[in-house]
Amino acid sequence: MSVEKLSDIIVSEVLHGADGTDIRCGVIGEIGTGWPITESEKKVLRATAHAQAQLGCPVIIHPGRNPAAPAEIIRILQEAGGDISKTVMSHMDRTIFDKGELLEFGKLGSYLEYDLFGIEMLNYPFNLEVDMPSDNQRVQTLAMLLKEGYEDKLLMAHDIHTKNRLTKYGGHGYSHILKNIVPKMLTRGITQHQVDKILIDNPKHLLTFK
């Protein structure tokens with residue numbers, strides 16, 4: 001399909017309903033890319049930006065597993081007219097590890113989402129070069145980003161996508177952040193106000209259409 005046709009489909013799914021239903025999408029995404037970004041993926045990113053420009057809605061991005069991927073995605077979206085202030089860069093926990101690179105990327109203005117809470121493993125099967133951080137390390141990174149002034153641009157989630165993550169099958173479940181991570185955050189210099197910003201205010205602002 002052309003960029004224009006893809007964009008028309010996205011706009012229709014937000015305004016009228018997805019897949020022949022009247023259920024309307026509240027976000028565009030999760031728009032996935034690999035690394036290097038393929039021409040087909042670039043086309044979808046451009047269509048996403050065009051649709052977002054019309055709708056004023058949030059966009060959620062799944063970047064390729066390379067530290068350079070998020071910035072390249074933002075560049076493509078910006079050039080196509082996307083609103084970076086309403087764009088979420090997901091899976092930051094497994095993508096950018098260097099503090100300098102992370103702070104530099106943060107200046108581009110997207111939301112920084114740490115959404116793999118509860119996933120701790122010795123070997124990350126999708127990229128063996130990545131040492132998956134622990135939840136403690138995720139909390140430390142959030143604390144650092146808060147000190148650097150990114151309070152308004154942080155999001156958290158679990159990315160639960162397999163049965164073994166559910167409480168029924170012995171996993172942390174959907175309450176892991178509220179029951180286990182938030183208390184830990186409060187012991188590591190993160191205030192309740194900052195917790196509320198990340199878990200309530202930032203999602204509310206993100207999900208509100210312009």
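Me: A charge sits over a ring if NZ of Lys or CZ of Arg is within 6 Å of the ring centre and within 35 degrees of the ring normal. In this predicted model, over which ring does the charged end of K153 sit?

Reply: Happy to start there, with the model being a predicted one. K153 is a lysine, so NZ is the atom to follow, and the limit to the ring centre is 6 Å. The charged end of K153 lies 4.2 Å from the centre of the ring it sits over, and that ring belongs to Y111.

Me: How far is the charged end of R138 from the centre of the ring of F117?

Reply: For an arginine the atom to follow is CZ, and it has to be within 6 Å of the ring centre. R138 meets this over the ring of F117, with a distance to the centre of 5.8 Å.

Me: Turning to rings that pair with each other, what kind of aromatic pair do Y124 and F126 form?

Reply: Searching the whole structure turns up 1 aromatic pair. In that pair, made by Y124 and F126, the ring centres are 5.6 Å apart and the planes are at 75°. Planes over 60 degrees apart get one particular label, so the Y124 and F126 pair is edge-to-face.

Me: Is F126 buried or exposed?

Reply: Its partner Y124 has 7% relative accessibility and counts as buried. For F126 the figure is 58%. The upper cut-off is 50%, so F126 counts as exposed.

Me: Which side chain makes a polar contact with the side chain of Y124?

Reply: Y124 is in the loop between β4 (111-114) and α5. Leaving aside neighbours within four places in sequence, its contacts are R65, R94, V130 and M132. R94 is 30 residues from Y124 in sequence, yet their C-alpha atoms are 9.1 Å apart. The polar contact of the Y124 side chain, at 2.8 Å, is with the side chain of R65.

Me: Let's go to a helix. Which residue has a backbone oxygen 2.8 Å from a polar atom of the side chain of T48?

Reply: T48 sits in helix α2 (residues 39-55), and its 1% relative accessibility makes it count as buried. Beyond four places in sequence, T48 touches I10, I28, I31 and V59. The backbone oxygen that lies 2.8 Å from a polar atom of the T48 side chain is that of V44.

Me: Which helix gives the most residues to the largest nonpolar core?

Reply: This core has 47 residues, and L145 and M185 are the ones that touch the most other members. Setting aside residues up to four places away in sequence, L145 touches L102, L103, L112, Y114, Y150 and L154. With 6 residues, the helix that gives the most to the core is α5 (residues 135-147).

Me: How many disulfides does the structure hold?

Reply: The cysteine sulfur nearest to that of C25 belongs to C57, 9.3 Å away. A disulfide needs sulfur atoms within 2.5 Å, so C25 and C57 do not make one. The total for the structure is 0.

Me: What is the relative accessible area of C57?

Reply: C25 counts as partly exposed because its relative accessibility is 27%. C57, which is in no disulfide either, is buried, and its relative accessible area is 0%.

Me: On to the backbone. What is omega for the cis peptide bond from W35 to P36?

Reply: One cis peptide bond joins G29 and E30, with omega about 10°; E30 is in strand β1 (residues 28-32). P36 belongs to the loop between β1 and α2. The W35 to P36 bond is cis as well, with omega near -5°.

Me: And in which loop does H91, with its positive phi, lie?

Reply: H91 is not a glycine, but its phi is positive at about 55°. With a relative accessible area of 4%, H91 is buried. Its loop is the one between β3 (87-89) and α4 (99-106).

Me: Last one: does D19 count as buried or exposed?

Reply: D19 is not a glycine and has a positive phi of about 55°. It lies in the loop between α1 (3-15) and β1. Its relative accessibility is 72%, so D19 counts as exposed.

Note on methods: Residues are numbered from 1 along each chain as its sequence is written. This is a predicted model: local features need pLDDT of at least 70, side-chain atom pairs count only at pLDDT 80 or more; totals for chains, interfaces and linings use all residues. Side-chain values use heavy atoms; hydrogens and water are left out. Rings of Phe, Tyr and Trp (its six-membered ring) pair if their centres lie within 6.5 Å; planes under 30 degrees apart count as stacked, over 60 as edge-to-face and the rest as tilted. Buried means under 20% relative accessible area, exposed over 50%, partly exposed in between (1.4 Å probe, protein chains only). Helices (H or I, at least four residues) and strands (E, at least two) are DSSP runs, numbered from the N terminus. A polar contact is a pair of N or O atoms within 3.5 Å; within protein, one must be able to donate a hydrogen and the other to accept it, and residues adjacent in sequence count only if both atoms are side-chain atoms. Contact means heavy atoms within 4.5 Å. A nonpolar core is a set of buried Ala, Val, Leu, Ile, Met, Phe, Trp, Tyr and Cys residues joined through side-chain atoms within 4.5 Å.
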